[in-house]
Amino acid sequence: MSDRRMASIFPECDQLKQNYDKCFTEFFQKFISSNYHHNYAVNPCDKLHQIYRDCVEQSNLPHPQIISDSGESRFNQLERILEQFQENARHLGVIAADFGARSQEPFNQKIHTLVSGLQELDQMRSQFMDVKVPLELLDVLDQGKNPQLYTKEVLERTLLKNKEVNGKVETYKKLRAALLKELGEEMPEDTITYRNIRDIMEKQ
């Protein structure tokens, strides 16, 4: 079987993901062999998968804590379901790539699991009607990039725009001060009247 492992989007969790991928690949190779006596209720890689998931949850950025009836935030719940769906889809691809006489049953089980995952996602749809996803973010995902890089780029652009606006504000303040100085020299009485009216309006 060729190496199909994909790096984790969280570098600090990558080794844990590789450990789990290696475990599952070796387990599946044994599972499809004709002399393997297996127990369908036991997955020897579950513990490694849980360790990897714990690392991802700790590394991920905090989400707004809108708590569901189960005590889990809707975003954490969605993330968990999507991660499980992605992992099941990857397993399905591995099974299909080395399909054999004993692969049909686990293949059917994975398809059923994927369908159940899609149904669960569809049921959660109403919980996210208020969430707006920028179209630019979808382009980033299509390119296979980390969505957190998009957040970083947006923050950097916002910071630059803020500096630009602040610079313009300071320029206008200096221009106003220069104009008032010139007006004060040319029309002192009118300038005093203007300043008094401006002070009154600012206090209201």
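**A walk around H91 and beyond**

Visitor: Where does H91 lie in this model, in which helix?
Guide: We're looking at a predicted model, so keep that in mind as we go. To place H91, look for the helix that spans residues 74-97. That stretch is helix 3.

Visitor: Is H91 buried or exposed?
Guide: Look at its relative accessible area, which is 3%. Anything under 20% counts as buried. So H91 is buried.

Visitor: Which residues does H91 touch, if residues up to four places away in sequence are not counted?
Guide: Leave out those sequence neighbours and see who's left. A contact here needs heavy atoms within 4.5 Å. The residues that H91 touches are Y20, F24 and K110.

Visitor: Let's zoom out: how many helices does the protein chain have?
Guide: There are zero strands to worry about. From the N terminus on, the elements run α-α-α-α-α-α-α. The number of helices is seven.

Visitor: What share of the residues in the protein chain is buried?
Guide: The chain has 204 residues to go through. Each one with under 20% relative accessible area counts as buried. Their share is 24%.

Visitor: Which residues form a disulfide?
Guide: A disulfide is a covalent bond between the sulfur atoms of two cysteines. The structure holds one. To count, the sulfur atoms must be within 2.5 Å, and here they sit 2.0 Å apart. The residues are C13 and C55.

Visitor: How many residues apart are C13 and C55 in the chain?
Guide: C13 is in the segment before helix 1, while C55 is in helix 2, residues 46-59. The pair therefore links distant parts of the chain. The gap between C13 and C55 is 42 residues.

Visitor: Are C13 and C55 buried or exposed?
Guide: C13 has a relative accessible area of 0%, and C55 comes in at 13%. The cut-off is under 20%. So C13 is buried, and C55 also counts as buried.

Visitor: Which aromatic pair links F75 in helix 3 to the loop between helix 4 and helix 5?
Guide: A search of the whole structure finds two aromatic pairs. One of them is edge-to-face, 5.5 Å centre to centre with 75° between the planes. It joins residues 53 apart in the chain, and both partners are buried. The pair is F75 and F128.

Visitor: What is the angle between the planes of F99 and F107?
Guide: Their ring centres are 5.6 Å apart. Planes over 60 degrees apart count as edge-to-face, and that's how this pair is classed. The angle is 90°.

Visitor: Which residues make the nonpolar surface patch of about 430 Å²?
Guide: One member is L138 in helix 5, residues 135-142. L138 is partly exposed at 40% relative accessible area, so it passes the over 30% needed for a patch. The patch residues are V131, V133, L135, L138 and L141.

Visitor: Is I192 buried or exposed?
Guide: You'll find I192 in helix 7, residues 188-203. The exposed class starts over 50%, and the relative accessibility here is 51%. So I192 counts as exposed.

Visitor: How far apart in space are I192 and L180, C-alpha to C-alpha?
Guide: Along the sequence, I192 and L180 are 12 residues apart. In space, the C-alpha to C-alpha separation is 9.8 Å.

Technical notes:
Residues numbered from 1 in each chain as written. Predicted model: local features only at pLDDT ≥ 70, side-chain atom pairs only at ≥ 80, totals over all residues. Heavy atoms only, no water. Helix = DSSP H or I, 4+ residues; strand = E, 2+ residues; numbered from the N terminus. Buried < 20%, exposed > 50% of the residue type's maximum accessible area, 1.4 Å probe, protein only. Patch = residues over 30% accessible without salt bridge, like charges linked within 9 Å, V, L, I, M, F, W, Y side chains within 5 Å. Areas by Shrake-Rupley, 256 points an atom, 1.4 Å probe, with all protein chains shown as cover. Salt bridge = Lys/Arg side-chain N within 4 Å of Asp/Glu carboxyl O. Phe/Tyr/Trp six-rings, centres within 6.5 Å; stacked < 30°, edge-to-face > 60°.
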